[in-house]
Amino acid sequence: MDLSGFRDPEIARGLIDAINSAEPGREIKLMEVCGTHTVSIAKNGLRGVMPEWLTLLSGPGCPVCVTANHDIDTAIAIAQRPDVTLTTFGDMMKVPGSYSSLTREKAEGRDVRIVYSPLDALALAAKEPERQVVFVAVGFETTVPLIAAAILRAQEAGLTNFSVFSSHKTVPAALGALVNDPDVKVDAFILPGHVSTIIGLEPYRFLAEEYHVPGVIAGFEPIDILQAIWMLVQQLMEGRAEIEIGYRRGVEPQGNVTAQHMVEQVFQPCDADWRGIGVIPGTGLELREEYAAFDATKRFGTIDVPEPKEIKGCQCGDVLRGIVLPFECKLFARACTPEHPVGPCMVSSEGSCAAYYRYTDYGKPDA
Amino acid sequence: MRSDRILLAHGSGGTMMRELIDEVFVEEFAEDALKRLDDAASLEFSGDRLAFSTDTYVVNPIFFPGGDIGRLAVCGTVNDVATSGATPLYLSVGFVLEEGFLVEDLRTILHSMRDAAREAGVHIVTGDTKVVGKGHADGIFINTAGVGALPAGRDLSGSYCRPGDKVLLSGTLGDHGIAIVSIREGLEFSTDIQTDAAPLNALVAAVIEAAPDTRCFRDPTRGGMASTLNELAAASGVSITVDETLVPVDPQVRGASEMLGYDVFQVANEGKMIAIVPAEQADAALAAMKAAPYGDNAAIVGEVAESPSGKVYVRTAFGATRVMDMLVGEQLPRIC
């Protein structure tokens with residue numbers, strides 16, 4: 001697909017000019033809740049070309065960043081079993097848990113391997129039947145269908161050495177929690193692109209209908225994001241609150257029904273602990289009873305996980321809710337850098353702190 | 001050679017090592033100095049000063065689209081010597097071979113080295129081989145060291161960049177890194193990206209001739225252009241800004257980088273040069289680069305400013321600015 005039109009400088013400038021010439025007569029705060037948006041906005045320097053009255057906030061859009069310490073500690077505890085080969089997406093490797101990280105565990109000799117897809121983990125399980133292969137499933141609705149597919153295949157193949165540690169989370173209810181949070185000041189949402197490809201637009205309707213908060217589903221090219229911003233500014237100026245699809249080439253209103261069915265077959269909602277926000281009911285996904293055989297939390301009996309410990313001074317929780325900008329965190333670029341991260345927002349490639357650190361000068365002490 | 005695989009005995013200093021040297025190394029390299037098999041090569045030299053560089057090559061996989069570890073080992077050191085403005089002359093080569101390594105693969109690598117050396121006009125004059133037990137080295141590691149002749153008065157340095165200077169790039173970014181990643185297990189997407197590994201001493205010489213006040217050259221290898229420009233900005237105490245629209249990138253490389261979540265400015269190159277040239281000589285330098293081998297896609301991509309000291313920026317297609325940051329740790333793919 002030729003995406004060059006979505007980077008066309010003329011179209012971009014047209015949108016930038018339109019946004020800058022608007023006169024809403026008030027401050028507007030827009031929040032994106034998708035790690036890819038976080039990076040795209042920072043990498044394209046979009047904040048620098050927005051008007052004074054417009055603030056672009058980053059919310060809890062990085063599934064790695066919102067993984068609670070306890071979940072990371074659990075993955076580590078599972079990895080410490082000598083019979084386990086722990087497989088994970090690369091992004092989880094460097095995230096600090098309460099006492100360690102998967103990178104550290106790997107350096108100390110645990111069998112931890114990076115895979116690019118749960119199907120790779122499945123292939124590994126088939127190839128090494130003497131190992132218990134556990135896949136760490138972290139991600140929003142975008143990645144869940146693939147994990148569901150892997151579990152169904154494992155069942156079909158009769159594999160007894162493949163299991164999943166699900167730390168999946170779903171987005172829409174988390175947005176409701178943000179809207180209800182008195183500390184969070186958001187006027188409208190730039191909604192995630194690929195999550196919406198799966199779930200469509202229905203799950204977001206409550207934002208507009210119950211809370212009068214507009215949302216536009218946006219793609220990832222700079223022009224997609226600029227267009228979404230423009231659509232939101234217009235809605236706010238006109239007093240409308242609707243959920244619109246900006247990312248028309250990637251999202252249909254009903255979403256991907258096949259993927260939704262596959263997920264419903266294998267998973268059911270549960271409560272989930274979001275770093276910085278706390279437990280949000282119904283935003284987690286756990287394996288249904290019929291698939292308990294593939295649930296890593298059930299396969300190994302009691303797993304000894306130490307008491308979670310938060311790191312003093314780490315403000316990831318506030319950064320994830322858009323209450324504190326990354327460079328306002330006292331640890332930013334001092335004790336907490338990509339080389340020596342304190343919290344996940346700095347180490348994840350889609351974390352807000354990492355995006356600010358890499359692509360902006362904000363708050364960095366002079367070289 | 002009776003064995004088709006390298007054995008521990010081939011590194012022992014005895015008759016089997018002799019067999020390896022005579023029938024494989026000397027036969028493939030065919031250099032006069034090498035054939036004498038003295039412990040040290042005595043070489044003619046007529047420069048003012050010596051430029052000297054070394055590098056060790058551990059690339060995995062050892063064979064990749066468009067090249068192999070052998071070609072890299074010669075081009076990499078030739079290029080490092082050339083960046084000082086010296087004419088590369090002689091290379092030494094040291095091998096660590098893993099027990100079980102296929103002799104056929106060794107011959108292929110040596111051919112590549114010989115061909116690259118010939119292309120660069122350098123001679124491989126001395127070498128060493130060790131063999132370690134199975135599992136103690138990843139197939140083959142190669143060290144090359146190179147010497148070159150610096151003419152009197154030639155003084156290039158990364159600390160000489162000045163406000164107003166132009167940044168030149170000799171060709172497309174990211175080809176080598178993406179070529180390597182494209183055949184790593186689990187990432188086989190169909191591209192025909194090849195490594196760009198190439199000797200650039202002729203290109204460097206041509207640019208110096210056309211633009212004698214060139215401040216420095218550097219090849220953007222590991223860490224890519226981002227590391228190189230950040231190093232230069234820090235060494236010279238200047239700021240550098242690159243215009244994204246002027247940087248040549250192969251569309252397949254761009255597509256692959258995005259799919260993997262790589263910043264193409266941080267992807268490794270093995271056949272590209274960055275040159276910092278005073279503004280009034282930039283056009284002449286560019287013309288020389290374009291006419292030189294491997295410089296077809298050369299471009300002026302940015303400029304040097306006084307401040308903020310040590311910072312490197314990218315100007316995007318629609319006029320926004322962001323920082324060009326250095327790579328931290330391993331490049332890891334995205335999660336969703």
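## Contacts, sheets and domains in a two-chain model

B:Leu168 touches B:Ile274, B:Ala275, B:Val277, B:Ala282, B:Ala285, B:Leu286, B:Met289, B:Ala298 and B:Ile300, leaving out residues up to four places away in sequence. The model is predicted. B:Leu168 is also one of the residues that touch the most other members of the largest nonpolar core, together with A:Phe189, B:Val207 and B:Ala285. This core has 213 residues.

The domain assignment divides chain B into domain 1 (8-150) and domain 2 (158-323). The C-alpha centres of domain 1 and domain 2 of chain B are 28 Å apart. Their contact takes 20 residues from domain 1 of chain B and 19 residues from domain 2 of chain B. On the side of domain 1 of chain B that touches domain 2 of chain B, two or more residues come from each of helix H3 (69-83), strand E4 (87-98) and helix H4 (103-120) of chain B. H3(B) gives the most to this side, with eight residues. By residue type, this side of domain 1 of chain B has 11 nonpolar, seven polar and two charged residues.

Chain B has an open sheet of seven strands in the order E8-E10-E7-E11-E9-E12-E13, and the pairing is mixed. Strand E8 (216-218) and E13 of chain B are at the edges with a single partner strand each, so one side of each has no neighbour in the sheet. On average, neighbouring strands of this sheet are turned by 25 degrees against each other, direction ignored. Within the sheet order, E11 and E9 of chain B stand next to each other. Strand E9 (residues 239-243) and strand E11 (residues 299-305) of chain B pair in the antiparallel sense over four bridges. B:Ile240 is opposite B:Val304 in E11(B).

B:Ile240 is also a contact of B:Leu229, as are B:Val312 and B:Met324, with neighbours within four places in sequence left aside. B:Leu229 lies in helix H7 (residues 224-236) of chain B. Is B:Leu229 buried or exposed? B:Leu229 is buried, because 29 other C-beta atoms lie within 10 Å, and 20 or more are needed for a residue to count as buried. B:Leu229 and B:Thr241 are 12 residues apart along the chain, and their C-alpha atoms are separated by 9.2 Å.

Chain A has an open sheet of four strands in the order E4-E3-E5-E6, with parallel pairing. Its edge strands, strand E4 (112-114) and strand E6 (162-166) of chain A, each pair on one side only. Neighbouring strands of this sheet are turned by 25 degrees against each other on average, direction ignored. Strand E3 (residues 84-88) of chain A pairs with E4(A) in the parallel sense over three bridges. A:Thr87 stands opposite A:Arg113 in E4(A). Two helices of chain A that pack on the sheet are listed here.

| Helix of chain A | Strands of chain A touched | Angle between directions |
|---|---|---|
| H3 (residues 69-79) | E3, E4, E5 (132-137) and E6 | about 140 degrees with E3(A) |
| H5 (residues 118-127) | E3, E5 and E6 | about 175 degrees with E5(A) |

The two chains also touch each other: 21 residues of chain B are in contact with 34 residues of chain A. On the side of chain B that touches chain A, the largest share, three residues, comes from strand E13 (residues 321-323) of chain B. E13(B) is also an edge strand of the seven-stranded sheet. The residues on this side of chain B divide into 11 nonpolar, six polar and four charged.

Conventions
Residues are numbered from 1 along each chain as its sequence is written. Chains are lettered from A and ligands numbered from 1 in the order in which they are written. This is a predicted model: local features need pLDDT of at least 70, side-chain atom pairs count only at pLDDT 80 or more; totals for chains, interfaces and linings use all residues. Two residues are in contact if their C-beta atoms, placed from the backbone, lie within 7 Å. Ala, Val, Leu, Ile, Met, Phe, Trp, Tyr, Cys and Pro count as nonpolar, Asp, Glu, Lys and Arg as charged, and the others, Gly among them, as polar. A nonpolar core is a set of buried Ala, Val, Leu, Ile, Met, Phe, Trp, Tyr and Cys residues joined through C-beta atoms within 7 Å. A residue is buried if 20 or more other C-beta atoms lie within 10 Å of its own, exposed if 12 or fewer, and partly exposed in between; C-beta atoms are placed from the backbone. Two strands pair if DSSP finds at least two bridges between them. Axes are lines fitted to C-alpha atoms, for helices over the stretch in contact, and angles run from 0 to 180 degrees between N-to-C directions. Domain bounds come from an automatic or database domain assignment.
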